[in-house]
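I sat down with a structure that was new to me and kept notes as I went. Here they are, in the order I looked things up.

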Amino acid sequence: MELSDYLKLLIRRRWLFVAPTIIFGLLFGMYGYQQPTSYDGFASLSFIKSNQKSAANQSTDYQYDNFYSLQAGQLLTSAVHGWLADATFIAQIYQDAQVVLPSVPVTGYSRLIQTMPLPGATLMVQSNGTTPAEAEKLAASATKLVKSRLDQFVRDGSIDPVTVLSSTPLHQAQAPNKLLILAAGLIVGVLIGLIGVGLAQLLWPIEL
């Protein structure tokens, strides 16, 4: 069949092509319209290794130079990144923030709190909530519990003293992309329409 034959076929069976496009476009459009705006919360954690010697008496030994402090901070950043991917720790964050955990499997908890390493020994913590207050409370609880765990390790002697600097939580609205959802519905409708036209021609052929 030539291209003109396909065009004639689409015209002859236009409702098999148009109907799914309209139906799926409407369904996806309604779905996108009903999606609520969510909010991302952001807070940062910076880790500074405390030197044991005063600046006046500090030696040039590797253990106490600035490079060592930076490396120690980066190791802490990696460790905290692991904590914030742990389902138990994430559940504690939600409990501390008094926010209801989303209805997702426990294996999906690691996606509720995201972390992103920044230059130096800094970690960006990102949460998500249904309101700006929820998002900020989750980010604040995450930084609070991280600092609490590190303080406990210092008291136990598990790690050397470390200074943890945290930022004031911020939030940003995440509105659903309704046009993208509508476009996806139209594409699905077009594909189903084309398949329907092809099957109809195969089962009940018409002369072109």
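The entries below go from the whole chain down to single residues.

**Ground rules.** I am working with a predicted model, where local features need pLDDT of at least 70 and side-chain atom pairs count only at pLDDT 80 or more, while totals for chains, interfaces and linings use all residues. Residues are numbered from 1 along each chain as its sequence is written, and side-chain values use heavy atoms, with hydrogens and water left out.

**Whole chain.** I started with the elements and found six helices and five strands. Helices here are DSSP runs of H or I with at least four residues, strands are runs of E with at least two, and both are numbered from the N terminus. Reading from the N terminus, I noted the order α-α-β-α-α-β-β-α-β-β-α.

Next I looked up burial: 29% of the 208 residues count as buried. Buried means under 20% relative accessible area, exposed means over 50%, and partly exposed is in between (1.4 Å probe, protein chains only). The chain exposes about 13000 Å², with carbon and sulfur atoms supplying 62% of that. These areas come from the Shrake-Rupley method with a 1.4 Å probe, and for residues only the protein chains shown count as cover.

I also checked contacts, meaning heavy atoms within 4.5 Å. Among those with a separation of 6 or more, 75% are between residues 24 or more positions apart.

**Strands.** Which way do E1 and E3 pair? Strand E1 (residues 38–49) and strand E3 (residues 122–129) are antiparallel, over eight bridges. I counted two strands as paired if DSSP finds at least two bridges between them. In this pair, Ser 46 sits opposite Thr 122 of E3.

Strand E2 (residues 114–118) is also antiparallel to E3, with five bridges. Here Met 116 has Met 124 in E3 as its bridge partner. E2 and E3 make a hairpin with three residues between them, and Gly 120 in the turn has a positive phi of about 85 degrees.

**Core.** I then went for the largest nonpolar core, which has 24 residues. Such a core is a set of buried Ala, Val, Leu, Ile, Met, Phe, Trp, Tyr and Cys residues joined through side-chain atoms within 4.5 Å. Phe 47, Val 80, Leu 84, Ile 93 and Val 146 have the most contacts inside it. The elements giving two or more residues to this core are E1, helix H3 (66–83), H4, E3, helix H5 (132–156) and strand E4 (162–166).

I picked Val 80 for a closer look. Leaving aside neighbours within four places in sequence, Val 80 is in contact with Leu 45, Phe 47, Leu 123 and Val 146.

**Helix H4.** Which residues of H4 (residues 87–97) are buried? I listed Phe 89, Ile 90, Ile 93, Tyr 94 and Ala 97. They are on the same side of H4 because they cover an arc of only 140 degrees around the axis, the arc being that of the directions from the helix axis to the C-beta atoms. The face turned away from this buried side carries the exposed residues Thr 88 and Gln 95.

At the N-terminal end of H4, Asp 86 is the cap, with a side-chain oxygen 3.3 Å from the backbone nitrogen of Thr 88.

Gln 98 comes just after H4, in the loop between H4 and E2. Most residues other than glycine have a negative phi. Phi of Gln 98 is near 55 degrees, a positive value in a residue other than glycine. Gln 98 is exposed, at 69% relative accessible area.

**Two chain regions meeting.** Is Arg 13 buried or exposed? Arg 13 counts as buried, because its relative accessible area is 14%. I found Arg 13 in the loop between helix H1 (3–12) and helix H2 (14–34). A polar atom of its side chain lies 2.3 Å from the backbone oxygen of Trp 204. Not counting residues up to four places away in sequence, Arg 13 touches Val 197, Ala 200, Gln 201, Trp 204, Pro 205 and Ile 206.

That led me to Ile 206, in the segment after helix H6 (178–203). Ile 206 is partly exposed, at 25%. With the same sequence neighbours left out, Ile 206 touches Leu 9, Arg 12, Arg 13 and Gln 201. Ile 206 and Leu 9 are 197 residues apart along the chain, yet their C-alpha atoms are separated by 8.5 Å.

Conventions: Polar contact = N/O pair within 3.5 Å; in protein donor to acceptor, adjacent residues only side chain to side chain.
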